[in-house]
Amino acid sequence: MSTRYAKSEAALERARKTIPLGAQTFSKSLTQYPQGISPYFAARGKGSRLWDVDGNEYIDFINALAAVTLGYCDPDVDEAVARQLKDGVVFTLSHQLEAEAAERIVEMVPCAEMVRFGKNGSDATAGAIRISRAFTGRDHVLVSGYHGWQDWYIGSTARNLGVPEATRGLTHQFPFDDLPALEAKLDSLKGQVAAVILEPMNIRYPSPGYLEGVKDLARKHGAVLVFDETITGFRFSNGGAQELFGVTPDLTCLGKGLANGYPLSVVAGRADIMKYMEEVFFSFTMGGETLSLAAACAAMDKLKREPVVQTLAERGQQLLDGAQPLIDKHGLGEVLSLSGHPSWSFLSFADGLGATSFETKTLFMQEVFERGILAYGTHTMTYAHTPADVERLLAVYDEVFGVIAGAAGNGGVRAALRCEPLVPLFKVR
Ligand SMILES: Cc1ncc(COP(=O)(O)O)c(C=O)c1O
C-alpha cells in the first residue's frame with residue numbers, strides 16, 4: 001500500500017462496506033482510478049486547487065467532471081448561496097428564483113424560449129426525450145455521444161444491464177459527423193423517429209455544414225432536434241455550442257456549467273414543444289431547490305460580466321499549444337494525441353510502443369497524480385486556472401511523457417506500473 005494515498009485507500013475500504021464501488025459516480029470510482037496509485041477522496045477545493053484526504057495538493061484539470069467552470073468555491077456564487085441559505089432551501093410553494101434563472105437562460109441560450117429545471121444532466125435528457133415523444137407521437141430516438149444513466153439512453157450502450165429489451169429497441173446510435181449514416185438511420189425508421197439527440201461537439205469538431213445538415217435531416221423527417229449541451233453549455237460560449245457554431249436546435253439540455261457545481265440542469269427550447277411539459281410528467285420534489293438556482297443566477301451573471309468563456313478558451317489553447325510539442329519531443333505521436341475544443345480538450349491514448357492504450361493511460365495517471373496534477377486524459381478548464389497552472393501542467397507533462405517514452409524503450413510500460421492497469425469500461429465518445 002502506498003503511503004501517499006494511505007488515507008484515501010482506508011476511506012475507500014470503509015466506503016465499500018456500505019456503498020457499492022465506494023462512489024456515487026462511475027467516473028470517480030476505482031473503475032477509473034487504479035488502486036494503489038490514485039487518490040479517491042477530496043477534502044476540499046479552492047479555485048483551481050483540490051486537496052485530497054491525505055493532504056496532497058493538486059491543480060485540478062477534471063473539475064468535478066466539468067461541473068465546476070468558475071473554480072471551486074467561487075466567491076460570487078458562494079455568497080449568493082449563503083444569502084439564500086438564510087431564507088431556506090426548498091419550500092411548500094414555488095420560488096421566484098425559478099423565473100429569475102429561467103429568464104437569464106432565455107436571454108443567453110439561442111434556442112431557449114421556455115425552460116424547466118432538473119438536478120442532473122440525465123433528468124434534462126430524459127425530459128427532452130419524453131416531450132419529443134409527446135410532441136411527435138413517435139417512440140424511436142437516435143443518439144450520438146453520452147446522455148446519462150437513464151434507461152432510454154444507457155440501454156443503447158454496452159452498459160445496458162437492467163434495461164428492458166423493449167426499451168433498448170427504441171434507441172439507436174449514429175456516428176458523429178457522418179450525415180449519410182444519419183440519413184440512412186432516419187430512412188430505415190421512416191416516420192418513427194421522435195428525436196435526434198447529439199452532443200454538438202465532444203472529441204472532434206463538427207465538419208463545416210454538419211450540424212446544419214443534421215438540423216435539415218431532422219426537420220425533413222419530422223423529428224425534434226436536441227443538442228445535449230450538458231458539458232458544452234456555458235463553456236464553449238455563453239450560449240453554448242449552438243451559439244458558437246450558429247446552429248439552433250429545437251431543444252437543448254444544459255447542466256454542468258450552469259451553477260458552478262451546485263446540482264441543477266435544464267431542458268429548454270421552442271415554446272410550442274416546451275408547452276408539452278404542462279401535460280408530460282416531469283416533476284420532482286427538489287426541482288425548484290433554491291440554493292442551486294441562486295448559484296446559477298450568480299454564475300450566469302458572472303459569465304455575462306466577466307470574460308469567463310474567453311479565459312477558458314485562452315488557457316486551454318495555451319495548454320494545447322504547449323502539449324503538442326512535448327508529444328513530438330518525446331516521440332509519442334503513435335500513442336498520444338490531442339483533440340477537442342480548448343475549453344474541453346482530450347489527451348487520447350492509443351495502443352502502441354509495446355503497450356495497450358490502457359497501460360499507457362494508467363502509467364500517465366500514476367505519474368501525473370504523484371506530481372500534483374489531477375488529469376486523466378481530459379482537460380476541463382475553469383476561470384480559476386492561471387497561466388502558471390497551465391505552465392505547471394506542461395512541465396509535468398514534459399516529465400511524464402519522458403517517463404512513458406523511457407518505459408516504452410526499456411522493457412515496457414506495464415513493468416513501470418505500480419498497480420494493475422485500467423480495464424475498458426464502456427466507450428461513449
Ligand atoms: C453530454 C452529457 N449528457 C448528459 C450527461 C449526464 O449528466 P449527469 O451525470 O449529471 O446525469 C453527461 C454527464 O457526463 C454528459 O456529459
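What share of the contacts in the protein chain with a separation of 6 or more comes from residues 24 or more positions apart? Hello everyone, let's start there. The answer is 73%. Please keep in mind that this is a predicted model, and that everything I mention today is computed from it.

Now for the overall picture. The protein chain has 15 helices and 14 strands. Its radius of gyration is 22 Å, close to the 22 Å that the globule rule gives for 429 residues, so the chain is as compact as a globular protein of that length. If you lay the C-alpha trace along its principal axes, the spans come to about 60 × 55 × 45 Å.

What about inside and outside? Of the 429 residues in the chain, 54% are buried. The exposed area of the protein chain is about 18,100 Å², with 53% of that supplied by carbon and sulfur atoms.

A word on charge, for those of you who think in buffers. The chain carries 41 positive and 50 negative charges, and the mean positions of these two sets lie 3 Å apart.

Finally, let me zoom in on one residue, Ser-8. You will find Ser-8 in helix α1, which covers residues 6-18. Is Ser-8 buried or exposed? Its relative accessibility is 0%, and buried means under 20%, so Ser-8 counts as buried. And what is Ser-8 in contact with, once we leave aside its neighbours within four places in sequence? The partners are Pro-39, Tyr-40, Phe-41, Val-53 and Asp-54.

That's my tour, thanks for listening!

How values were computed: Residues numbered from 1 in each chain as written. Predicted model: local features only at pLDDT ≥ 70, side-chain atom pairs only at ≥ 80, totals over all residues. Heavy atoms only, no water. Helix = DSSP H or I, 4+ residues; strand = E, 2+ residues; numbered from the N terminus. Rg over C-alpha atoms; globule rule 2.2 N^0.38 Å. Buried < 20%, exposed > 50% of the residue type's maximum accessible area, 1.4 Å probe, protein only. Contact = heavy atoms within 4.5 Å. Areas by Shrake-Rupley, 256 points an atom, 1.4 Å probe, with all protein chains shown as cover. Lys, Arg positive; Asp, Glu negative; His and termini not counted. Charge placed at Lys NZ, Arg CZ, Asp CG, Glu CD.
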